[in-house]
Amino acid sequence: MEDLIIIGAGPAGLTAGLYASRARLRTTLLERVAAGGQILTTDLVENYPGFPEGISGFELVDRMKRQAEKFGLVIQNQEVTRLELSPEKKVVVTDKGNLECRSLILACGAVPRRLGVEGEGPFTGKGVSYCATCDGPFYRDRDVAVIGGGNTAVEEALFLTRFAYKVHLVHRRDKLRATKLLQDRAMAEPKIAIIWDTVPLRFIGEAAVDGIDLKNVKTGETSHLAVHGIFVFIGYDPNNELVEGLLDLDEHGFVITDNEMRVSVPGVFAAGDIRSKSLRQVTTAVGEGAAAAFAAEQYLEGLK
Amino acid sequence: MADLLQVTDENFDEEIINSDIPAMVDFWAEWCGPCRMVGPVVEELAQDYNGKIKIAKMNVDESRQTPARFGIRSIPTLILFKGGEVANTIVGSHPKDFIDEALKKLL
């Protein structure tokens, strides 16, 4: 039986793995595709301390992985399909078999939230995107729309100005939620046009997207915006399929923990984007990963 | 990585469309983080299916006509070909088993 299993190899899981390995816990980290997480979609991380020139999301997470492996962390490619959680024993059922452990850290992360408008699903990959760094270059000299007004939406709108002819930022309120620095950059960028108080009604096109129907939430007026690409950044939904019904979740489905990252079952901890909290950043993910590993270590000590 | 067949706009038809065996092309770019996540999975599959399915990569920065021809607007995208026709398209990063299932259907 393992001392600790960590699910998810993003910044939270890798940091938990680093701390657990250095604490000499028998630890396995399970990841369904490959190390990465949300941060892979970030072109340049500018707010992770220690990298004044910024660092690419890929390079940052690759360094985290190598650092954790250097101290003995074992990362296995397995997809977890079910969990059985009891105070005495945790069973992790994967596509390759059953694993047992005394403690468990959930670092399963989150995925970009879908808008839920007509045309969104059918046009995903055909003009609708959730990753500007992946798909931005396909829109050289085209008009695109970005939906949202938070940090990610504004950052990605700024990134898209490298390629697009015009970036229409469609936001449902009359001011942006993004941090002031990003707001100032967006306001100063001639390629960005902000459409205030407006929500998308449906995405339109034939083989691929060629426009959006919009509605002004204050006046009720509807309009059409011709664009080739629509980038949706309206927040995140937790990857909570494994723990629904097993753990306490907040109203949006994120896992509730205490200050030590403990969840509602003893010996289970959560860290990173899956956790109920207000700030989802690499900086918060790594801190929580470290805290969760420390809490797991303390829990295991208590079992002896 | 070095061993994996790299196709371009110039040799795409010759290598993929006219291939005697089914084929899969991984459309990727250096600037795409999730593509670098899928990359190692594609390399493993290329070994697993060596001689049965031709597995290749296309850098969409260097070759722009082929991605446009297949309407690609998101990467990573994997396109599976059988007899020169598109048999399946997989957009985004997926686990190895998911791609493996799709490849099995080509045989």
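Biologist: Two residues are in contact if their C-beta atoms, placed from the backbone, lie within 7 Å. With that settled, which residues of α1(A) meet α2(A)?

Modeller: From α1(A) there are A:P11, A:L14, A:T15, A:G17, A:L18 and A:S21, and they meet A:V61, A:M64, A:K65, A:Q67 and A:A68 in α2(A). The names come from DSSP runs, numbered from the N terminus: helices are H or I with at least four residues, strands are E with at least two. Before we go on, this is a predicted model, where local features need pLDDT of at least 70 and side-chain atom pairs count only at pLDDT 80 or more, while totals for chains, interfaces and linings use all residues. Residues are numbered from 1 along each chain as its sequence is written, and chains are lettered from A and ligands numbered from 1 in the order in which they are written.

Biologist: Good to know. What classes of residue are in that contact of α1(A) with α2(A)?

Modeller: Six nonpolar, four polar and one charged. Nonpolar here covers Ala, Val, Leu, Ile, Met, Phe, Trp, Tyr, Cys and Pro; Asp, Glu, Lys and Arg are charged, and the others, Gly among them, are polar.

Biologist: At roughly what angle do the axes of those two helices, α1 and α2 of chain A, cross?

Modeller: Helix α1 (residues 11-22) and helix α2 (residues 57-70), both of chain A, cross at roughly 20 degrees, and their axes come within 9 Å. That makes α1(A) roughly parallel to α2(A). Axes are lines fitted to C-alpha atoms, for helices over the stretch in contact, and angles run from 0 to 180 degrees between N-to-C directions. Under 35 degrees counts as roughly parallel, over 145 as roughly antiparallel, 65 to 115 as roughly perpendicular and the rest as oblique.

Biologist: Is the crossing of α1(A) and α2(A) left-handed or right-handed?

Modeller: Left-handed. A crossing gets that name if the near helix is turned anticlockwise from the far one by less than a right angle, and right-handed if clockwise.

Biologist: And how far apart are the axes of α1(A) and α6(A)?

Modeller: They are 7 Å apart, and α1(A) and α6(A) pack at an angle of about 40 degrees. This crossing of α1(A) and α6(A) is right-handed. Among the residues that meet there are A:A12, A:A16 and A:Y19 in α1(A) and A:A285, A:G289, A:A292 and A:A296 in α6(A). By class, the contact of α1(A) with α6(A) has 13 nonpolar, three polar and one charged residues.

Biologist: How many residues are in the largest nonpolar core?

Modeller: There are 115, and A:I105, A:L106, A:V146 and A:A292 have the most contacts inside it. Its largest share, eight residues, comes from helix α6 (residues 282-303) of chain A. Such a core is a set of buried Ala, Val, Leu, Ile, Met, Phe, Trp, Tyr and Cys residues joined through C-beta atoms within 7 Å. Buried means 20 or more other C-beta atoms within 10 Å of a residue's own, exposed means 12 or fewer, and partly exposed is in between, with C-beta atoms placed from the backbone.

Biologist: What does A:I105 touch?

Modeller: Leaving out residues up to four places away in sequence, A:I105 touches A:L4, A:I6, A:A16, A:F269, A:A271, A:A292, A:A293 and A:A296.

Biologist: Switching over: how many residues does the contact take from chain B and from chain A?

Modeller: It takes 18 from chain B and 23 from chain A. On the chain B side, α2 (33-48) and α4 (96-104) are the elements that give two or more residues. The largest share of that side, six residues, comes from α2(B).

Biologist: While we're in chain B, why does B:M58 count as buried?

Modeller: Because B:M58 has 26 C-beta neighbours inside 10 Å. B:M58 is in strand β3 (residues 54-59) of chain B, and touches B:V7, B:V25, B:F27, B:S63 and B:T66, not counting residues up to four places away in sequence.

Biologist: Any backbone oddities? Which residues does a cis peptide bond join?

Modeller: B:I75 and B:P76, with omega about 5 degrees. B:P76 lies in the loop between α3 (65-69) and β4 (77-82) of chain B.

Biologist: And A:R24, buried or exposed?

Modeller: A:R24 counts as exposed, with 11 C-beta neighbours inside 10 Å. Its phi is near 60 degrees, a positive value in a residue other than glycine. A:M261 also has a positive phi, near 70 degrees, but A:M261 counts as buried, with 27 C-beta neighbours inside 10 Å.
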